[in-house]
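Visitor: I'd like a close look at one single spot in this model, and then a walk outward from there. Could you take me through it step by step?

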Amino acid sequence: MPAPPPAPIFRTEEDLAQLSASERIRYRLVGSGRRYHANDNISAFIREGEIDELRDEIAAKMQEVLKSLVIDTESDHNTNETAQRVAKMYLTEVFRGRYQPMPAVTEFPNVERLNELMIVGPITVRSACSHHLCPIMGRVWIGILPNEHSNLIGLSKYARICDWIMSRPQIQEEAVTMLANELQSRVKPDGLAIVMEADHFCMHWRGVKDDDAMMTNSVMRGAFLKDANLRREFLSLLSKKT
């Protein structure tokens, strides 16, 4: 018989206040049975003021990383405040899709019952490889085939949703699937197609150091999966935009 899972440890707010911000947030996540992988959004478990605490905590640990790299941050003016800059960058810029809630997206009913192919892109996206935390820089194209029940969103909102999904450490294949899931649930189209093309700096900067390699992947849903002509139309229009 496998051993039973450990009994949950219940802590009072006073107990939690004694923990670091990362420990408090992790406690809430584990207590709720929520996953907290690199590409998961955990904003619902972060309380007011804890982002500032996290920034200070990360900066202190990043300072220790620099120390272990034998970098004299005290006399080297270029790295005096590198730990603080990196902490701020991770939390509020390159990984902000983990720590900030979904941006507000206004949805409109499809009053005119539009049902023709619509393509948005290329949208410039920036992400990071969860294996080495190296940048991923690319472009995304989105194809939507709405129906009379679809919710229409503004053009800029596609870019905001892309940015929110992509601003996390992850692999490209999962990022495109997450984006498709978010758009499918919001727009509810008859068909959804996404193509992403990106440079991976873990290929340029390290390892094989291949500057020409790019990765392109796609997700096809609904009508795009069933109708080869629609799929060809979408892909042919992309080739004219590159």
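Guide: Let's start at Gly191, which is buried, with a relative accessible area of 1%. Buried means under 20% relative accessible area, exposed means over 50%, and partly exposed is anything in between, using a 1.4 Å probe and protein chains only. Before we go on, keep in mind that this is a predicted model, where local features need pLDDT of at least 70, side-chain atom pairs count only at pLDDT 80 or more, and totals for chains, interfaces and linings use all residues. Residues are numbered from 1 along each chain as its sequence is written, and side-chain values use heavy atoms, with hydrogens and water left out.

So who are the neighbours? Leaving aside residues up to four places away in sequence, Gly191 touches Gly143, Ile144, Leu145, Arg221, Gly222, Ala223 and Phe224; a contact here means heavy atoms within 4.5 Å. A bit further off is Ile119: 72 residues separate it from Gly191 along the chain, while their C-alpha atoms are 12 Å apart.

Gly191 belongs to strand S6. Helices (H or I, at least four residues) and strands (E, at least two) are DSSP runs, numbered from the N terminus. S6 covers residues 191-200 and pairs with S3, residues 135-145, in the antiparallel sense over 10 bridges. For two strands to count as paired, DSSP has to find at least two bridges between them. If you want a landmark on that pairing, find Met137 and look across to Asp199 in S6.

Now zoom out to the sheet. The sheet is open and has five strands in the order S5-S2-S3-S6-S7, with mixed pairing. S5 (169-170) and S7 (215-222) sit at the edges with a single partner strand each, so each has one side without a neighbour in the sheet.

Working from S3 towards the S5 edge, you get to S2, which runs antiparallel to S3 and is joined to it by nine bridges. Met118 stands opposite Ile144 in S3, and Ile144 is one of the residues that Gly191 touches. After S2 comes S5, and these two run parallel, joined by two bridges. Ala128 has Pro169 as its bridge partner in S5.

S2 also has a backbone oddity to check. The peptide bond from Gly121 to Pro122 is cis, with omega near 0 degrees, and Pro122 lies in strand S2. The hairpin of S2 and S3 has five residues between the strands, and Leu133 there takes a positive phi near 60 degrees. Leu133 is partly exposed, with a relative accessible area of 43%. Why point these out? Most residues other than glycine have a negative phi, and most peptide bonds are trans.

Next, the helices that lie across the sheet. H6 (residues 155-166) lies across S2 (118-129), S3, S5 and S6, and runs at about 20 degrees to S2. H7 (residues 172-187) lies across S3, S5, S6 and S7, at about 30 degrees to S7. In these angles, axes are lines fitted to C-alpha atoms, for helices over the stretch in contact, and angles run from 0 to 180 degrees between N-to-C directions.

Earlier in the chain there is a helix pair worth a stop. H3 (residues 50-68) and H4 (residues 82-94) pack at an angle of about 130 degrees, their axes 8 Å apart. H3 and H4 are therefore oblique to each other; under 35 degrees counts as roughly parallel, over 145 as roughly antiparallel, 65 to 115 as roughly perpendicular, and the rest as oblique. On the H3 side the contact includes Ile51, Leu54 and Ile58, and on the H4 side Val86, Tyr90 and Leu91 are among the residues involved. In the loop between H3 and H4 you'll find Val70, whose phi is positive, near 60 degrees, in a residue other than glycine. Val70 is exposed, with a relative accessible area of 75%.

Finally, the whole thing. The protein has 10 helices and seven strands, and its C-alpha atoms fill a box of roughly 60 × 45 × 45 Å along the principal axes. Of the 242 residues, 38% are buried, and Gly191, where we began, is buried as well.
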